[in-house]
Amino acid sequence: MNANHSIARFVHRFFHDYLAAQRGLSQNTIYSYRDCLKLFFSFVSEQIGKHVDKLNVEDFDEKLTTHFLNDLEQTRANSTQTRNIRLAALRSFFRYVAGQEPTVLARCQQICDIPLKRTKHKTIEYFDDDEMGALLNSVDQTSRNGLRDYALLMFFYNTGGRVQEVRDVEFDDLRLETPFLVKLTGKGNKERSCLLWPETVEALENYINNRGVDASKEPTVFLNANGYPLTRFGIRYIVRQYGAKAAKKCPSMKFKKVNPHTLRHTTAMHLLQSGNDISVVKDWLGHANVNTTHGYVEIDMKMKRKALESCQPPKVKNAKRRPKWQNQGILQWLDQLTKTTRINV
């Protein structure tokens with residue numbers, strides 16, 4: 001076996017030269033690739049009884065990769081969607097390896113040809129007006145973290161931001177003077193600006209004026225109780241906590257997933273239902289492809305169709321009888337019309 005094909009020599013360049021420098025992926029995306037390769041290399045190491053440091057490209061094949069993907073679902077209880085995300089990362093890595101070392105192209109191609117597994121289409125969940133109101137009203141703004149939590153929920157609803165985008169917002173990104181807006185940094189370090197409602201600005205100012213940490217010492221806007229930036233997991237916990245409180249007064253929320261991404265879906269649906277063009281919603285959410293935004297349009301059309309079906313047309317009394325020609329077949333009527341014309345002539 002050729003020692004020059006050690007998998008280790010490709011890994012460093014894949015992360016630093018390809019993912020970071022060439023593709024410019026975000027740190028969290030790179031972490032996702034890292035976690036996938038760690039799981040994969042550990043699995044292969046255990047299966048073939050070879051230390052990770054000694055693995056070569058020739059140790060990997062389609063059968064072993066498929067076994068790993070199945071193990072993700074069966075042993076680690078990963079969803080089909082997670083399985084496909086892992087496979088996409090492996091495809092990207094082995095395409096890179098093939099490009100760097102053409103002599104292993106055929107082996108890498110076999111792994112890249114493993115198909116994605118079909119997933120079930122899940123309905124997009126979002127909050128209606130009453131549910132969103134219940135969520136916001138569940139915050140006790142007189143509590144220790146009430147001002148922060150209310151500002152956080154308002155900010156999510158206003159911007160439709162991803163959890164990482166909201167977590168990364170700093171004071172330099174905010175404009176709390178007319179026109180009110182915030183700069184969000186999304187996937188691929190792409191920046192976009194979102195206008196802020198006066199109510200959101202008021203909530204932010206109330207929180208900032210009482211947060212107790214100088215902005216020059218900690219520029220991140222949303223902090224935990226110890227004065228450090230909230231983590232993504234901390235933000236999810238906060239949102240779920242208030243979702244549970246809101247469900248006590250709004251029972252319909254008990255049947256919905258309450259998390260930051262549901263708030264993002266809510267913003268998208270409410271923008272569409274307010275009559276905004278899909279291209280506006282696409283830019284507001286920071287979608288790279290309008291097809292992603294079309295998912296919300298389809299859900300909205302289903303709602304309209306359901307409303308139409310529930311509304312029966314009015315019953316008309318004493319409806320006039322249709323003309324004779326409407327009750328006959330069109331050819332028969334034309335024949336009769338021809339005969340009548342000949343008689344008159």
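# Exercises on a predicted model

Aspartate 35 is partly exposed, its relative accessibility being 28%. The structure is a predicted model.

**Exercise 1.** Determine which residue meets the side chain of aspartate 35 in a salt bridge, and state how exposed that partner is.

*Solution.*
- Step 1. The side chain of aspartate 35 meets that of arginine 34, with an N to O distance of 3.0 Å.
- Step 2. The relative accessible area of arginine 34 is 34%.
- Step 3. Partly exposed covers the range between 20% and 50%, so arginine 34, at 34%, is partly exposed.

**Exercise 2.** Describe the salt bridge of glutamate 131: its partner, the places of the two residues in the chain, and their burial.

*Solution.*
- Step 1. Lysine 256 is the partner of glutamate 131, and their closest N and O atoms are 2.7 Å apart.
- Step 2. This pair links distant parts of the chain, for glutamate 131 belongs to helix H6 and lysine 256 to the loop between H10 and H11, 125 residues apart.
- Step 3. Buried means under 20% relative accessible area; glutamate 131 has 2% and therefore counts as buried.
- Step 4. Lysine 256, with a relative accessible area of 25%, is partly exposed.

**Exercise 3.** Find the salt-bridge partner of aspartate 283, decide whether that partner is buried or exposed, and name a network of salt bridges elsewhere in the chain.

*Solution.*
- Step 1. Aspartate 283 pairs with lysine 282, the closest N and O atoms lying 3.4 Å apart.
- Step 2. Lysine 282 has a relative accessible area of 19% and so is buried.
- Step 3. Glu73, Arg83 and Lys117 are joined into one network by salt bridges that share partners.
- Step 4. The count of salt bridges comes to 13.

**Exercise 4.** Work out the make-up of the largest nonpolar core, then name some members of the second core.

*Solution.*
- Step 1. The largest nonpolar core holds 46 residues, and those with the most contacts inside it are Leu135, Phe155, Phe222 and Met253.
- Step 2. At least two residues of this core come from each of several elements, including helix H6 (129–137), strand S2 (181–185) and helix H10 (232–249).
- Step 3. H7 gives the largest share, 7 residues.
- Step 4. Apart from residues up to four places away in sequence, methionine 253 touches Phe127, Glu131, Ala134, Leu135, Ala246, Ala247 and Val258.
- Step 5. A second, separate core has 34 residues, among them Phe10, Ala89, Val97 and Ala98.

**Exercise 5.** Locate the backbone features at proline 179 and alanine 77, and give the angle that marks each.

*Solution.*
- Step 1. Threonine 178 and proline 179 are joined by a cis peptide bond, with omega at about -5 degrees.
- Step 2. Proline 179 sits in the loop between strand S1 (174–175) and S2.
- Step 3. Alanine 77 is not a glycine, yet its phi is positive, at about 60 degrees.
- Step 4. The loop between helix H3 (62–74) and helix H4 (80–100) contains alanine 77.
- Step 5. Exposed means over 50% relative accessible area; alanine 77 has 63% and therefore counts as exposed.

**Exercise 6.** Summarise the chain as a whole: its helices and strands, its burial, its contacts and its surface.

*Solution.*
- Step 1. The chain has 15 helices and 3 strands.
- Step 2. It consists of 345 residues, of which 39% count as buried.
- Step 3. Among contacts between residues at least 6 apart in sequence, 63% join residues at least 24 apart.
- Step 4. The accessible surface comes to about 21300 Å², and carbon and sulfur atoms account for 50% of this area.

How values were computed: Residues numbered from 1 in each chain as written. Predicted model: local features only at pLDDT ≥ 70, side-chain atom pairs only at ≥ 80, totals over all residues. Heavy atoms only, no water. Core = buried A, V, L, I, M, F, W, Y, C linked by side-chain atoms within 4.5 Å. Buried < 20%, exposed > 50% of the residue type's maximum accessible area, 1.4 Å probe, protein only. Helix = DSSP H or I, 4+ residues; strand = E, 2+ residues; numbered from the N terminus. Contact = heavy atoms within 4.5 Å. Areas by Shrake-Rupley, 256 points an atom, 1.4 Å probe, with all protein chains shown as cover. Salt bridge = Lys/Arg side-chain N within 4 Å of Asp/Glu carboxyl O.
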